[in-house]
Amino acid sequence: MQDILYAPWRDEYVTQEKIKGCVFCHISTHPQEDASLHVLYRNEHCFMVMNKYPYTPGHFMIIPHMHTDRLEELPSEVWLNMSKLAQQSVKLLKEGLGANGVNIGMNLGKAAGAGIAEHIHMHLVPRWERDTNFITAVAHTRVYSTDFEKIYKKIKSFIPKYIDI
């Protein structure tokens, strides 16, 4: 018999209507859906949104509104804005969420491992000491230790304190 990991929170993902086209462009152009799309913050250059497939609780992304798969073509002011948001977000994750560390990364292109290769995005993944994540390595399974909506609301409540662009 195969081991089963019960994850009822995934039911909504399986049954909901799929977004056609670039999911990040959809999020960018539908601010009225920010709560249901789990957008944390947006400004004229980019937005911050929870990762629907998080590595750890609190994993979110910073994404430019501009649709491009080429970092080298991103206007400097957009890149600087993303960098400033990343800097402030690390502080938010460490102080607000209590993370002991943060992984920041961008997978540029399908060959680099990008799940959504057509629109660049930066991942911020909070990490905690003693969280060995052994089940990911051994069983190729992720364990999400808290309710997704709860962690979204918690991080969103920290935005006014830490994000000041």
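1. In this predicted model, Arg70 forms a salt bridge with Glu73, where the closest N and O atoms lie 2.9 Å apart. Glu72 also pairs with Arg70, the closest N and O atoms in that salt bridge being 3.0 Å apart, and Arg70, Glu72 and Glu73 are thereby linked in a network of salt bridges. As for accessibility, Arg70 is partly exposed, with a relative accessible area of 38%, and Glu73 is partly exposed at 46%, whereas Glu72 is exposed, with a value of 56%.

2. A search of the whole structure finds three salt bridges, and one of them joins Arg42 to Asp34, with 2.7 Å between the closest N and O atoms. Here Asp34 is buried, its relative accessible area being 17%, while Arg42 is partly exposed, with a relative accessible area of 22%.

3. Why does the structure hold zero disulfides? The sulfur of Cys22 has its closest cysteine sulfur in Cys25, at 3.7 Å, which is too far for a bond, because a disulfide requires the two sulfur atoms to be within 2.5 Å. Cys22 is buried, with a relative accessible area of 12%, and Cys46 also counts as buried, at 0% relative accessibility.

4. The backbone at His38 deserves a look during review, since this residue has a positive phi of about 65° although it is not a glycine. His38 is found in the loop between α3 (34-37) and β1 (39-42), and His38 is buried there, with a relative accessible area of 10%.

How values were computed
Residues are numbered from 1 along each chain as its sequence is written. This is a predicted model: local features need pLDDT of at least 70, side-chain atom pairs count only at pLDDT 80 or more; totals for chains, interfaces and linings use all residues. Side-chain values use heavy atoms; hydrogens and water are left out. Helices (H or I, at least four residues) and strands (E, at least two) are DSSP runs, numbered from the N terminus. Buried means under 20% relative accessible area, exposed over 50%, partly exposed in between (1.4 Å probe, protein chains only). A salt bridge is a side-chain nitrogen of Lys or Arg within 4 Å of a carboxyl oxygen of Asp or Glu.
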